[in-house]
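Let's take a friendly walk through this structure together. Have the sequence and the 3D view at hand as you read.

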Amino acid sequence: MNKLKISDSDKRLLLIFFAIVIVACSYFFIFNKGMSKAAKIEEQNMTDRAKVQQMEQMEAGLPKVKENIQTMQKKQKDIIAAYPADMKTEKVIETLQEFEDKSSNFHITDVTFAMNMPIGADNSTAAADGSAAASTDTTEDTTTTQETQTTESADTQSTESTESTPENTTGPTGNVEGYYASIGIRYEASYEGLKDMIAYVNKFKDRTTIAQFSASFDNSTGKLTGDMTLNMYYLENTGKDYVPPVFENMPKGVNNIFGGSSSGTAEQ
């Protein structure tokens, strides 16, 4: 049997070949996989560094965010304080009495009510109802002034309402909805009395606007007469409780149904 003889040069070539195979296998099966994992790790590190940078920026802006939250909470409280929880007929009457009491020589002679009007609805019908009682007889020297005010955003009078004591509040309890009562009044007042009333309405603790008014000079009395439409706004589901008005010193009933003294008897 012939033996295969390998020369020294062939042995060296085989060693070199096996070395190349080992290096190639190491590159494709070990080094290349390691590089792929390293690339994925580097990509993940870049993502993590971006998240860390974002979180650092958020942490740096956290004091400003807290300040903004406190500012918005204060604005919310001021807005809620400027709007009552409800507007019932009794509340309207109390408010109108206060307007009369706080104004010099301003007297309301007639009132019409249009309640529970959603904010944003057309109030032309309510305004017409409020002014339907106006006198149609006017002289040539009668002057009529109309001033129309649009519904403003809820925070326009927040600075004025902070001086008043708000009702009990616990924060919004649902979808906050806005309504208003359109109140038409007929009045008789002096010039100063009308100015006092308008000034008091503008500073009133509950959100109230003068949608329109007319004023005519009465030669017989020397006073101004006219009609005015007041919009009294309120917000529901703010957490405030409706506080019904208390009318003090209001006489109720008589001593007896016959009009005499309580100890007397009816005439036969």
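A residue is called buried when its relative accessible area is under 20%, exposed when it is over 50%, and partly exposed in between. Lys88, with a relative accessible area of 37%, is therefore partly exposed. Please keep in mind that this is a predicted model.

**Salt bridges**

Lys88 is a good place to start, since its side chain meets that of Asp86 in a salt bridge, at 3.2 Å from N to O. The two partners sit on opposite sides of a cut-off: Asp86 has 15% relative accessibility, so it counts as buried, whereas Lys88 reaches 37% and is partly exposed. A search of the whole structure finds seven salt bridges, and the table shows three of them, including the one just described.

| Salt bridge | Closest N to O distance |
|---|---|
| Glu42 and Arg49 | 3.3 Å |
| Asp86 and Lys88 | 3.2 Å |
| Lys195 and Glu192 | 3.6 Å |

In the first row, Glu42 is partly exposed at 39% relative accessible area, and Arg49 is partly exposed as well, at 48%. How far apart along their helix are Lys195 and Glu192? They are three residues apart in helix H5 (residues 191-202), which means that about one helical turn separates them. Lys195 has 38% relative accessibility and so counts as partly exposed; Glu192, at 43%, falls into the partly exposed class too.

**Helix H1 and a nonpolar patch**

Now to the N-terminal part of the chain. In an unreviewed entry, UniProt lists residues 12-31 as a "transmembrane region". In the model this span is 100% helix and 0% strand, and its end C-alpha atoms lie 26 Å apart.

Which residues make the nonpolar surface patch of about 690 Å²? They are Tyr27, Phe28, Phe29, Ile30, Phe31 and Met35. Met35 belongs to helix H1, which runs over residues 8-82. With 45% relative accessibility, Met35 counts as partly exposed.

**Nonpolar cores**

In soluble globular proteins, nonpolar side chains tend to be buried together. Here, the largest nonpolar core has 24 residues, and Leu96, Ile185, Met228 and Leu230 are the ones that touch the most other members. Two or more residues come from each of H2, S1, strand S2 (177-189), H5, strand S3 (208-213) and strand S5 (223-236). Which element gives the most to this core? That is S2, with six residues.

Leu230 deserves a closer look in your viewer. Leaving aside residues up to four places away in sequence, Leu230 touches Leu96, Phe99, Ala181, Ser182, Ile183, Ile185, Met197, Thr209 and Ile210. Apart from the core of Leu230 lies another one, of six residues, among them Ala82, Tyr83, Tyr180 and Leu235.

**Two asparagines with positive phi**

Finally, two backbone details are worth a look. Asn105 is not a glycine, yet it has a positive phi of about 55 degrees. Asn105 lies in the loop between helix H2 (89-102) and strand S1 (106-118). Is Asn105 buried or partly exposed? Its relative accessibility is 41%, so Asn105 counts as partly exposed.

Asn116 also has a positive phi of about 55 degrees, again without being a glycine. Where does Asn116 sit? Asn116 is found in strand S1, whereas Asn105 is in a loop.

Methods: Residues are numbered from 1 along each chain as its sequence is written. This is a predicted model: local features need pLDDT of at least 70, side-chain atom pairs count only at pLDDT 80 or more; totals for chains, interfaces and linings use all residues. Side-chain values use heavy atoms; hydrogens and water are left out. Helices (H or I, at least four residues) and strands (E, at least two) are DSSP runs, numbered from the N terminus. Buried means under 20% relative accessible area, exposed over 50%, partly exposed in between (1.4 Å probe, protein chains only). UniProt positions are given in the numbering used here, feature names are shortened, and annotations may be inferred rather than shown by experiment. A salt bridge is a side-chain nitrogen of Lys or Arg within 4 Å of a carboxyl oxygen of Asp or Glu. Patches are made of residues with over 30% relative accessible area and no salt bridge: like charges are joined within 9 Å, nonpolar side chains (Val, Leu, Ile, Met, Phe, Trp, Tyr) within 5 Å. Accessible areas come from the Shrake-Rupley method with a 1.4 Å probe; for residues, only the protein chains shown count as cover. A nonpolar core is a set of buried Ala, Val, Leu, Ile, Met, Phe, Trp, Tyr and Cys residues joined through side-chain atoms within 4.5 Å. Contact means heavy atoms within 4.5 Å.
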